[in-house]
Amino acid sequence: MTRPGPPPGGSFPGRPGPPAGGSFPARPGPPPVARPGPPPDLGEDEPRHPAVDAAVRAIANAATLAPADQIAQYEAAYETLRETLATIDQT
């Protein structure tokens, strides 16, 4: 017994072929995401806390890491900020 082949003309009835011209419309990509920039320079007159500054820099630098490494960086920064804010509240 032989298998039936495609119908004459090379197309199945009721099934659309590729668009004319042979190209497909571009698929929309994800919307662009605005990335936060570095924190504004507060100048030398503003009181600063080194641990908070380091945590903010670590968060900004995490954008260049692989996603799995970003999570670890964000968690470490969160923990640093949490501990620092707790000590500030106690003083």
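Visitor: Is Leu 81 buried, partly exposed or exposed, and what is its relative accessible area?
Guide: Happy to start there, with the reminder that this is a predicted model. Leu 81 sits in helix 2, which covers residues 67-90. Partly exposed residues fall between the 20% and 50% cut-offs. Leu 81 therefore counts as partly exposed, with a relative accessible area of 23%.

Visitor: Which residues is Leu 81 in contact with, leaving aside its neighbours within four places in sequence?
Guide: A good hint comes from Ala 55, which is 26 residues from Leu 81 in sequence but 6.8 Å away in space, C-alpha to C-alpha. Ala 55 is found in helix 1, whereas Leu 81 lies in helix 2. With neighbours up to four places away set aside, the contacts of Leu 81 are Val 52, Ala 55 and Ile 59.

Visitor: How many helices and how many strands does the protein have?
Guide: Two elements have come up so far: helix 1, residues 50-61, and helix 2, residues 67-90. The full tally of secondary structure is two helices and zero strands.

Visitor: Why is helix 1 described as roughly antiparallel to helix 2?
Guide: Let's take the geometry step by step. Two packed helices are described by the angle between their axes and the distance between the axes. For helix 1 and helix 2, the axes are 9 Å apart and the angle is about 160°. Because an angle over 145 degrees falls in that class, helix 1 is roughly antiparallel to helix 2.

Visitor: What is the handedness of the crossing where helix 1 passes helix 2?
Guide: The angle of about 160° describes how the two helices pack, and handedness adds another descriptor. Helix 1 passes helix 2 in a crossing that is left-handed.

Visitor: How do the residues of the contact of helix 1 with helix 2 divide into nonpolar, polar and charged?
Guide: Helix 1 contributes Ala 51, Val 52, Ala 55, Ala 58 and Ile 59 to the contact. From helix 2 come Gln 73, Tyr 74, Ala 77, Thr 80, Leu 81 and Thr 84. By class, the residues of this contact are eight nonpolar, three polar and no charged.

Visitor: Is Ala 55 buried or exposed, and at what relative accessibility?
Guide: Look first at what surrounds Ala 55 in helix 1. Not counting residues up to four places away in sequence, Ala 55 touches Ala 77, Thr 80 and Leu 81. Its C-alpha atom is also separated by 8.1 Å from that of Ala 76, 21 residues away along the chain. Since the cut-off for burial is under 20%, Ala 55 counts as buried, at 4%.

Visitor: Which residues does Thr 84 touch, not counting those up to four places away in sequence?
Guide: Thr 84 is found in helix 2 and is one of the residues making the contact with helix 1. At 7% relative accessibility, Thr 84 counts as buried. Setting aside residues up to four places away, Thr 84 touches His 49, Ala 51 and Val 52.

Visitor: How far apart are the C-alpha atoms of Glu 83 and Ala 51?
Guide: Glu 83 has its place in helix 2 and counts as partly exposed at 44% relative accessibility. Along the chain, Glu 83 and Ala 51 are 32 residues apart. In space, their C-alpha atoms are separated by 9.6 Å.

Visitor: What share of the residues in the protein is buried?
Guide: Ala 55 and Thr 84 are both buried, so let's finish with the whole chain. The accessible surface comes to about 8200 Å², with 61% belonging to carbon and sulfur atoms. Of the 91 residues in the protein, the buried share is 8%.

Technical notes. Residues are numbered from 1 along each chain as its sequence is written. This is a predicted model: local features need pLDDT of at least 70, side-chain atom pairs count only at pLDDT 80 or more; totals for chains, interfaces and linings use all residues. Side-chain values use heavy atoms; hydrogens and water are left out. Helices (H or I, at least four residues) and strands (E, at least two) are DSSP runs, numbered from the N terminus. Buried means under 20% relative accessible area, exposed over 50%, partly exposed in between (1.4 Å probe, protein chains only). Contact means heavy atoms within 4.5 Å. Axes are lines fitted to C-alpha atoms, for helices over the stretch in contact, and angles run from 0 to 180 degrees between N-to-C directions. Angles under 35 degrees count as roughly parallel, over 145 as roughly antiparallel, 65 to 115 as roughly perpendicular and the rest as oblique. A crossing is left-handed if the near helix is turned anticlockwise from the far one by less than a right angle, and right-handed if clockwise. Ala, Val, Leu, Ile, Met, Phe, Trp, Tyr, Cys and Pro count as nonpolar, Asp, Glu, Lys and Arg as charged, and the others, Gly among them, as polar. Accessible areas come from the Shrake-Rupley method with a 1.4 Å probe; for residues, only the protein chains shown count as cover.
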